[in-house]
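Reader: Could you take me through a close look at one part of this model, and then show me some other parts of the chain? I have the sequence and the structure open beside me.

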Amino acid sequence: MVPAAEVPAPVGFMRGVGYTITDADDAFLAMVGYTRRDFEHGAIDWRAMTPPEFLHLDEAGMKQAADSGGFTAPYQKEFFRKDGTRVRVLLVCAFVPRRENEWVGYVVDLSARTAAVATDRDTRMPLADGPLPQDMTARLVGELVRERSRMLAMLDNTPAMIWAIDRRYRLLGANKAFLLVSGASGKELEIGDDMFAGRPENIVADWSAWYARAFAGESFVTAREYDVGGKVHIEYHHSPIVAPAGDIIGATVVSVDQTPRYETEARLRASDARFRTLAASLPVGIFLADASGALTYASPRVAEIFGAKPEALAGLGYRELVLPHYRAVLDREWQEAKAEGRTLEVTMRIRREDGAVRVVRLQAEPAEHAEVEAAFVGSIEDETERLALSDRVRQREKMESLGTLAGGIAHDFNNMLSVILGFAELAAAPDADMTQRTEAFDAIRTASLRARDLVQQILAFSRRTERAHVDVDLRALVEESARLLRAAIPSSIELDVRLPPLPVLVKGDAAALQQVIVNLCTNAAHALRGNARAKLVITLEMVDERNARLVVTDNGPGIPAENLDRIFEPFFTTKRVGEGSGMGLAVVHGIVTSHRGEITAANAAGGGAELTVSLPATAGSAALGGPRRSSWTAFSAVTGRVLLVEDETAVSNVVAQALRSAALTVVTCASAEAALAVLGEKSDAFDVVLTDLSMPGMRGDVFARQLATLFPALPCVLMSGHRTDDHEGQLGGSAETRGFLQKPFSVQELVTTVGRFVRSGTRPT
């Protein structure tokens, strides 16, 4: 609301939108005889208070204002006063820039005098005699001069330099900042002066070109750098001056000192360059990601690891290179990390654009810094070589451990062969009765199964990859390892094995856990060399129902105090050169950790070293069973036809005879090629194909895959004397049409496995 004047002036003020008056001072209200209460209740309407014969002047004034850039020429009109009388006025209006239909107006009372003044109490007071408007033009010019003075005051208090020129490069106007700078340069410019007078040619050339662009109607920004004892950056904003008729009559320039902004941008560019240089030199990839996991920034190393162009990885593009199984894991882990606000860590496999499969580890932390426009800050590291090296080191240590076991294995195996050969000769003796022969065959079978288990243990121990963790009887594993170690370590070392009465079940890989036992014991045996009263103690016990503890103690020289914290470090060893790699205990530490356990080293109270392995115990069936009892199982008749493919004649004969004993019809072939020829003539003549994996010519796995393609409904069972956990992938076909037998197998295992695929409903019993 416009402040009320103590004594109304002969010039009133009002503002409005369209034909509605929204504000007015007391001087205008006094002219038209209304009170402020009338105004606030909407009692004043522009058109209602204008006599009809003057409405066309209002319309013309508004049109003129629109055409001329916002101002009307002063014109006279009359208003109806509240009491019905008329008052003659001089009116000047202008539209408010950038506000739709909003205007302001000055109203000069042209009547003999202003009769009364409105008050808030709706009372009237006689107005003292005042000066009558004698020179309306002078008054109007005075108002315009005051308005110009206010505008110049505003411009003069602006730090930016502002000036305007006509098309002949003469100064039309300028603010104080411009005039001060021009005066400091040697010649103070005045209105009408030539802007180029006395200026260097290069400056005249540049500014002539810029002014020409403005005269052509272009608004643009140019920038210049000046050295005035330090670099100063100035931006010039050029605009044309357009007359109401549409002609361009000159140009305006606003000059702004942008030095602080340029310096800030230079620091940001330098900081960004340092960051990018650092990120590019790191062996790991650095990235920023939003809450969905979409990359908003990735260092060049990320593109190198993924083997793709940076633009292909932007957003969620990198996910296309993650193998499907790991992609699902990544998505799930990302959502959980986002929901819980925690660190994300995922190891996954990717397929690069060149087809190579790599193992990468992704880590991401929630971004808590307010200036980082990302939800996660993370790194990506290629783990392929490191994991391959770790696998090679572990495999080498495993082979060294297997070498330690070789003596014990050979000893046990020779014992079993002695049993088999001895009882075979006794069974073949002409004077042996049926009871003696049955006992001999039973002993032969038991020794053969024991030999089979030993071979499977060797194969499992030497495998290059780790098996899935299953329930393992640690008691049986320690007992088995100790028996083999007894034949491998010097006989001068007393081996004391202390086991609990009941099985100790842990979740793990039996071969890896046996490697832990063997490595710890061989290390202890090495420390006992030259000790006349050497003793090695293996103790297994249940600490409580959830934790098992394995302790290997020796009475050797012990571990120096300075080495206690280092013995599990890779390549750390106290042995002489050529006696060890320093990786044995590091591998043991890795195996124990992967089983969610702990290993510690200390010096025993009575001297010597003590290594303790703690593992979480579980409930379930042990993977290693007890000794098998020999028994003969009778089979009921099974109607079915088997195509047996085996190149070893002795094996082929015993397998065929075992199957025929169960009333199965068997046709034998010595090669996969011969079997395909038989199937080509009568493929529906067989219920199942039983084939060996290793054969001359076409291998059994290739043959199995061809069967899955040519005869998809024909089941196939693969036999192998090698340790393999990928027989399902080798067979092909569906799970309903494939099987596997690990050699050597019993007759019961053979008939049970093959019997699952014959067409008869009768099953082995």
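Reader: Let us begin with a single residue: in which strand does Glu-235 lie?

Author: Happy to. Please keep in mind that this is a predicted model. Glu-235 belongs to strand S11, which runs over residues 231-242. With a relative accessible area of 8%, Glu-235 is buried, because buried means a value under 20%. The side chain of this glutamate has a polar partner: a polar contact of 3.4 Å joins the side chains of Glu-235 and Gln-258. Gln-258 also appears in the list of residues that Glu-235 touches once those up to four places away in sequence are set aside. That list holds Val-221, Thr-222 and Ala-223, then Val-254, Ser-255 and Val-256, and finally Gln-258, Arg-261 and Tyr-262.

Now for the setting. The chain contains 20 helices and 29 strands. Of its 765 residues, 41% are buried, and Glu-235 is one of the buried residues. If you take the contacts between residues at least 6 apart in sequence, 56% of them join residues at least 24 apart.

From the strand, let us move to the helices, beginning with H16 (residues 649-661) and H20 (residues 747-755). These two pack with their axes 10 Å apart and at an angle of about 65 degrees. That angle makes H16 roughly perpendicular to H20, because the roughly perpendicular range runs from 65 to 115 degrees. The crossing of H16 with H20 is right-handed. On the H16 side, the contact is formed by Val-655, Ala-658 and Leu-659, and these meet Val-747, Leu-750, Val-751 and Val-754 of H20. By residue class, the contact of H16 with H20 has seven nonpolar residues, no polar ones and no charged ones.

While you are at H20, have a look at Thr-753, which is found in this helix. Its relative accessibility is 12%, so Thr-753 counts as buried. Beyond its neighbours within four places in sequence, Thr-753 is in contact with Val-717, Phe-740 and Leu-741.

Another helix pair makes a good companion to this one. Helix H17 (residues 672-681) packs with helix H18 (residues 700-710) at an angle of about 15 degrees, and their axes are 11 Å apart. H17 is therefore roughly parallel to H18, as the angle falls under 35 degrees. Here too the crossing is right-handed, with H17 passing H18. H17 contributes Ala-672, Ala-675, Leu-676 and Leu-679 to the contact, while H18 brings Phe-703, Gln-706, Leu-707 and Leu-710. These residues divide into seven nonpolar, one polar and no charged.

Let us finish with two loop residues whose backbone deserves a glance. Most residues other than glycine have a negative phi. Ala-663, although not a glycine, has a positive phi of about 70 degrees. You will find Ala-663 in the loop between H16 and strand S26 (665-669), and it is partly exposed, with a relative accessible area of 41%. Tyr-169 likewise is not a glycine and has a positive phi, of about 65 degrees. This tyrosine sits in the loop between strand S8 (161-166) and strand S9 (171-174). Tyr-169 is partly exposed as well, at a relative accessible area of 25%.

Terms used. Residues are numbered from 1 along each chain as its sequence is written. This is a predicted model: local features need pLDDT of at least 70, side-chain atom pairs count only at pLDDT 80 or more; totals for chains, interfaces and linings use all residues. Side-chain values use heavy atoms; hydrogens and water are left out. Helices (H or I, at least four residues) and strands (E, at least two) are DSSP runs, numbered from the N terminus. Buried means under 20% relative accessible area, exposed over 50%, partly exposed in between (1.4 Å probe, protein chains only). A polar contact is a pair of N or O atoms within 3.5 Å; within protein, one must be able to donate a hydrogen and the other to accept it, and residues adjacent in sequence count only if both atoms are side-chain atoms. Contact means heavy atoms within 4.5 Å. Axes are lines fitted to C-alpha atoms, for helices over the stretch in contact, and angles run from 0 to 180 degrees between N-to-C directions. Angles under 35 degrees count as roughly parallel, over 145 as roughly antiparallel, 65 to 115 as roughly perpendicular and the rest as oblique. A crossing is left-handed if the near helix is turned anticlockwise from the far one by less than a right angle, and right-handed if clockwise. Ala, Val, Leu, Ile, Met, Phe, Trp, Tyr, Cys and Pro count as nonpolar, Asp, Glu, Lys and Arg as charged, and the others, Gly among them, as polar.
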